[in-house]
Amino acid sequence: MPENDGYTILDRPWGLRMIGVTQMAFGIFGLLATIGLLFATLTGAFATVGYLYSLVLFGGVAVPCLFIGNYVDDLRRWAVIAQIIYSAIAVGLSGYLLYVNGLSYNWTIPLFDFSIELAIGNVAAFIAITQTLIMFYLLIRWQAVAPAPGTIVERDKSRARLIEAGLMPSPLEPALLAPDGTTTLTPDEEQKIMDIRKVITEEGMAILCSNCNGATSLTKVEDNNTVPCDYCGVILGVGSVFVPCLNHEEYLAATTCNVCGEHFCRQCLTVQEPPVDEKWQGSAVYLCKKCFEGRYRPAVTTASLVIPIDQLFSIAGGRFSKVGQMYSSFLSAYANGMKHLWRIPLQLLKSVGKSGGGGNDNAAGVLVMIVIIIIAIPILAGILMILGAIIIIPILFYAGLIAVTVEAAKIISGTDFESVDNARVKSIHAHRKPKVKESKLRPSVRVWDDEFRQASLEHQRIKLRHDEERRQREERRRKQQQAASFWRTEND
Amino acid sequence: MTETVQERILCPVCGGPIKIDQQDKVNRCEYCASPVLGPSQSRNCVTHPDILAKEVCHVCGDLVCEDCIQKRVGEYGGKLLTIVNCDKPTCIAESDWAKPLNEEYQKLANMDWADRIDNLILRITGLGAIIMMVFELIFFIGVMFYQFLTPWSIPDISIGALGPLIMIPVAILLLNILGNLMSAILLQSALQVYVHERQMGAGITLLVILIIEVAHLLFRGLFFGLLTFPNPIFLPLMLGAFLFGTILVFVGSLMAIYIGNKKRVQLKETQEKLHLSIKP
Ligand SMILES: [Zn+2]
Ligand SMILES: [Zn+2]
Ligand SMILES: [Zn+2]
Ligand SMILES: [Zn+2]
Ligand SMILES: [Zn+2]
Ligand SMILES: [Zn+2]
């Protein structure tokens, strides 16, 4: 587990996930029971009090279980507290029921001409045990399951993985280095330096320290082309050429923007993962703001780093389409399962037909009734689910549009350019590896995690080899053709 | 202290370690590969010792002045990056895979002048499109609300055997989803005005969609009989918001077309001046 201010969804304990799934299952059962009860009341099997029961079931089991279950497993403090309270109430109520009526307490539920015996005592015992376990688990693992208030938890899995790796490419630990350039300072020493360091000098052009961001005058450059930082004392190399930053003439340019080639200081550059290419030597690529926003046009082609706004919708809508997909695959799995289920009543019917012929009328009637129930219940459930889809799909559509609007508002409200200089200060203050703010405007800020990079390099190598082989094959064929035509003309 | 610790030299860009291999040539950061001056390296051009160097050759690591460099655009894994080489034949040969940068073209085709106005256009069209999107979302909910939860209802519609009971919800749903989709396309185009190449096209698209969207809204208004609406605030408020969004998008799209066309003319003139028949 990382330090307290950096949870990601990957830190979630396995038990918490199980609790989420269990609660969702309770919720689904509650929902089904509500629908069943409502249906039974509608058909007159229950008195009007059935409506109240179904309302209680819906409001007391289905909604809270589905709602809490949905949130409790992604490290939300309020959801964990809500779950503990809910579990306590559930344990209390089911315990009371057991105390009053005992374990062998049964309910007789009327269903058409039949009745079903429901072992309510067992159900109550089951609920009491699971909810007690859930409550104890949450209380015992409180530290791990309920992040302190104000903690930021990254819940997107792919981004969480990136955060675990450190988003902004940087060789520096998120702490100030001592003057020797290797060991890190204590938080106290660090604070002292960060308090005194200045980012401007009165003595002409300055060089910005890559460790503490302090500005040291260029007059202090030593004969061996190094300069000790005025504040933190590390020895800085001097960038290759004495050119000021294009935007700040008071700062020596640190390096060039890799895209447009202009010289910039640390305040004007951001850093990204390097291109996937064997020709590229460094572990990073630097971009100025203009190039970061994709507005530089190199004169050899028309498009370079064009903003992939096209992907906005797919990204913003992705989460919702995923839910829709899950729902539709659930529906198709349901239909698939039904195909097998229907075989049983059909076979039953067949056997009734065979043994029939005026025999036991009563038994055949019961069988037909069972068959109808077996067929009718899944069909009814299926219809309910399709009705659900009719409601769910517009809601998903609507939610997707809201997400798109929010992303668009973020885009027009400002750039997400994060300079190396800013990232360094933030990482020292937060004691975390610098993280890139990512907007949907530029989802490619860091797409090349190491695995992907390796795979791409491998892919390129294979492609080169294939190209080479094809070239050789063609060469051979041309030679053979030449030879063949040579012999033909010779023969003619 | 009897022994002096060998202090590590840090890269001025990333803070990575720098190993001094060469005394009079640039050494590169072990992490980010940025060039750093060697301990006894001069800061001037290697061929013009009295001129301060401006660039470093990516092949040999020599410092060179502006007269001695060639800028190229090289493709690295699909991204176009600028590299600089000096005019030594070996360095030119080594850089041959990258296309030379047409500096004259670069200068004439520079569009920095449009940075501020482009930012403004993005904000105007973006804000307008967001307002219209929010309008559509609220309009959807509003019509649903008044149809199903208040006595007010849109006029009866029936097609063939399908009576008002089915046709009214279907009509509301379909027409409003269409409106929502249209505003989503509008939003999509409104954000494209920030890209030089697409600015003019996005501006024209915006105008066209805006006209369709307004027409679609008027049609819906008449079709739903919104003039008989019970709430006296809802309708004027919605119309006001819609009008505001429409004006923003309209103004923004005109600006985008104007600026986009200016860029187009600039590129065309550049190509004529440099006698380029095709886009470089
Ligand atoms: Zn420093
Ligand atoms: Zn740049
Ligand atoms: Zn700068
Ligand atoms: Zn470096
Ligand atoms: Zn060279
Ligand atoms: Zn020179």
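Is Val73(B) buried or exposed, and at what relative accessibility? In this predicted model, Val73(B) has a relative accessibility of 4% and therefore counts as buried, the cut-off being under 20%. The residue belongs to strand S7 of chain B. Its C-alpha atom is separated by 8.7 Å from that of Val84(B), which is 11 residues away along the chain.

Chain B holds a zinc ion (ligand 6), whose protein donors are the SG atoms of Cys45(B), Cys65(B) and Cys68(B) and the ND1 atom of His48(B). These donors lie 2.1 to 2.2 Å from the ion. The angles among the 4 donor atoms run from 99 to 118°, and the site is tetrahedral. Along the chain the donors follow the spacing C-x2-H-x16-C-x2-C. His48(B) is in the loop between strand S4 (35-36) and S5 of chain B, and Cys68(B) is in the loop between S6 and strand S7 (69-76), so this pair ties together parts that are 20 residues apart in sequence. With a relative accessible area of 28%, His48(B) is partly exposed, whereas Cys68(B), at 3%, is buried.

The zinc ion (ligand 5) is bound through the SG atoms of Cys57(B), Cys60(B), Cys86(B) and Cys91(B), at 2.2 to 2.3 Å. The spacing of these donors along the chain is C-x2-C-x25-C-x4-C. The arrangement is tetrahedral because the 4 donor atoms subtend angles of 101 to 114°, and all angles between 85 and 135 degrees are required for that assignment. Cys57(B) is placed in the loop between strand S5 (55-56) and strand S6 (63-64) of chain B, while Cys91(B) is part of helix H1 (residues 89-94) of chain B; the pair therefore ties together parts that are 34 residues apart in sequence. Both Cys57(B) and Cys91(B) are buried.

Further along chain B, helix H3 (residues 115-149) packs against helix H4 (residues 164-192) at an angle of about 170°, and the axes are 8 Å apart. Angles over 145 degrees count as roughly antiparallel, and H3(B) and H4(B) are therefore roughly antiparallel to each other. The contact of H3(B) with H4(B) is made by 21 nonpolar, 7 polar and 1 charged residues.

In soluble globular proteins, nonpolar side chains tend to be buried together. The largest nonpolar core of the model has 54 residues. Those that touch the most other members are Phe139(B), Ile154(B), Leu186(B), Leu187(B), Val193(B), Phe224(B) and Leu226(B). At least two residues of this core come from each of helix H10 (361-413) of chain A and, in chain B, H3, H4, helix H5 (199-223) and helix H6 (234-273). H3(B) supplies the largest share, 14 residues.

Two loop residues were examined for their backbone angles. Most residues other than glycine have a negative phi. Asn213(A), which is not a glycine, has a positive phi of about 75°. Asn213(A) is located in the loop between strand S5 (206-208) and strand S6 (215-217) of chain A, and its relative accessible area of 1% makes it buried. In chain B, Ala33(B) also has a positive phi, near 70°. The loop that contains Ala33(B) runs between strand S3 (27-28) and S4 of chain B. Ala33(B) is buried, with a relative accessible area of 17%.

Methods
Residues numbered from 1 in each chain as written. Chains lettered and ligands numbered in written order. Predicted model: local features only at pLDDT ≥ 70, side-chain atom pairs only at ≥ 80, totals over all residues. Heavy atoms only, no water. Donors = N, O, S within 2.8 Å, 3.2 Å for Na, K, Ca; no water. Tetrahedral: all angles 85-135°; square planar, octahedral: opposite > 155°, others 65-115°. Helix = DSSP H or I, 4+ residues; strand = E, 2+ residues; numbered from the N terminus. Buried < 20%, exposed > 50% of the residue type's maximum accessible area, 1.4 Å probe, protein only. Axes fitted to C-alpha atoms, helices over the stretch in contact; angles between N-to-C directions. Parallel < 35°, antiparallel > 145°, perpendicular 65-115°, else oblique. Nonpolar A, V, L, I, M, F, W, Y, C, P; charged D, E, K, R; others polar. Core = buried A, V, L, I, M, F, W, Y, C linked by side-chain atoms within 4.5 Å.
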